[in-house]
Amino acid sequence: MALSLDPEIAEALAPMAGATAPAVGDVAARRALWGPIIGAASAAQPIPDDVKTTDYHATAGDGARITMRWYTKDGAMPMLSTRR
């Protein structure tokens, strides 16, 4: 049986076709490769109306700004940490 992808997923993954991963440690090249791919994949999946997003930011050791996104479904109870 041949593998077939949903057309939207196939479109989001298309930038990876034939891509060669940059060398380990080449952070700038890896960001340049993966940034557009992650952006396309994110755009291919719309966020449901009952889900709120909140963006947080951190700064990496090399000064790059990293965005972290928290998704919360309306009416969902927050998860409590069990760490002490």
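This briefing describes the helices, the strand hairpin, the salt bridges and a surface patch of one protein structure. The structure is a predicted model. Helix 2 has 18 residues, and strand 1 and strand 2 form a hairpin. The count of salt bridges comes to 3, and a nonpolar patch on the surface includes Ile9 of helix 1.

**Helix 2**

- Helix 2 covers residues 27–44.
- From its first C-alpha to its last, helix 2 reaches 25 Å, which is close to the 26 Å expected at 1.5 Å a residue.
- Helix 2 has a kink of about 30° at Trp34, and the proline Pro36 follows shortly after that residue.
- Arg31, a residue of helix 2, is partly exposed, with a relative accessibility of 40%.

**The hairpin of strand 1 and strand 2**

- Strand 1 spans residues 51–59 and strand 2 spans residues 65–73.
- The two strands run antiparallel and are joined by 9 bridges.
- Between strand 1 and strand 2 lie 5 residues, and in this turn Gly63 has a positive phi of about 95°.
- Asp55 has Arg69 in strand 2 as its bridge partner.
- Tyr56 stands opposite Met68, which belongs to strand 2.

**Salt bridge between Asp55 and Arg69**

- The bridge partners Asp55 and Arg69 also meet through their side chains in a salt bridge, at 2.7 Å from N to O.
- Asp55 belongs to strand 1 and Arg69 to strand 2, so this salt bridge ties together parts of the chain that are 14 residues apart in sequence.
- Asp55 counts as partly exposed because its relative accessibility is 35%, a value between the limits of 20% for buried and 50% for exposed.
- Arg69, at 42% relative accessibility, likewise counts as partly exposed.

**Salt bridge between Asp62 and Arg31**

- Asp62 and Arg31 form a salt bridge in which the closest N and O atoms are 3.0 Å apart.
- This pair links distant parts of the chain, 31 residues apart: Asp62 is in the loop between strand 1 and strand 2, whereas Arg31 is in helix 2.
- Asp62 has a relative accessible area of 52% and is therefore exposed, since the limit for that class is over 50%.
- Its partner Arg31 is partly exposed.

**Salt bridge between Asp50 and Lys73**

- The closest N and O atoms of Asp50 and Lys73 are 2.5 Å apart, and the two residues form a salt bridge.
- Distant parts of the chain are linked by this pair, with 23 residues separating Asp50, in the loop between helix 2 and strand 1, from Lys73, in strand 2.
- Asp50 is partly exposed, with a relative accessible area of 30%.
- Lys73 also counts as partly exposed, at 47% relative accessibility.
- Asp50 and Thr72 are 22 residues apart in sequence, and their C-alpha atoms are 8.5 Å apart in space.

**Nonpolar surface patch and helix 1**

- Leu3, Leu5, Ile9 and Leu13 form a nonpolar patch on the surface, and their accessible area together is about 390 Å².
- Within this patch, Ile9 is a residue of helix 1, which covers residues 7–13.
- Ile9 is partly exposed, as its relative accessible area is 34%.
- Leu5, another member of the patch, lies in the segment before helix 1.
- Leu5 counts as partly exposed at 48% relative accessibility.

**The segment before helix 1 and its distances to other parts**

- Ser4 lies in the segment before helix 1 and counts as exposed, at 64% relative accessibility.
- Ser4 and Ala60 are 56 residues apart in sequence, and from C-alpha to C-alpha they are 38 Å apart in space.
- Leu5 and Ala43 are 38 residues apart in sequence, with 17 Å in space between their C-alpha atoms.

Conventions. Residues are numbered from 1 along each chain as its sequence is written. This is a predicted model: local features need pLDDT of at least 70, side-chain atom pairs count only at pLDDT 80 or more; totals for chains, interfaces and linings use all residues. Side-chain values use heavy atoms; hydrogens and water are left out. Patches are made of residues with over 30% relative accessible area and no salt bridge: like charges are joined within 9 Å, nonpolar side chains (Val, Leu, Ile, Met, Phe, Trp, Tyr) within 5 Å. Accessible areas come from the Shrake-Rupley method with a 1.4 Å probe; for residues, only the protein chains shown count as cover. A salt bridge is a side-chain nitrogen of Lys or Arg within 4 Å of a carboxyl oxygen of Asp or Glu. Helices (H or I, at least four residues) and strands (E, at least two) are DSSP runs, numbered from the N terminus. Buried means under 20% relative accessible area, exposed over 50%, partly exposed in between (1.4 Å probe, protein chains only). The expected span of a helix is 1.5 Å times one less than its number of residues. The bend at a residue is the angle between axes fitted to the seven residues ending there and the seven starting there. Two strands pair if DSSP finds at least two bridges between them.
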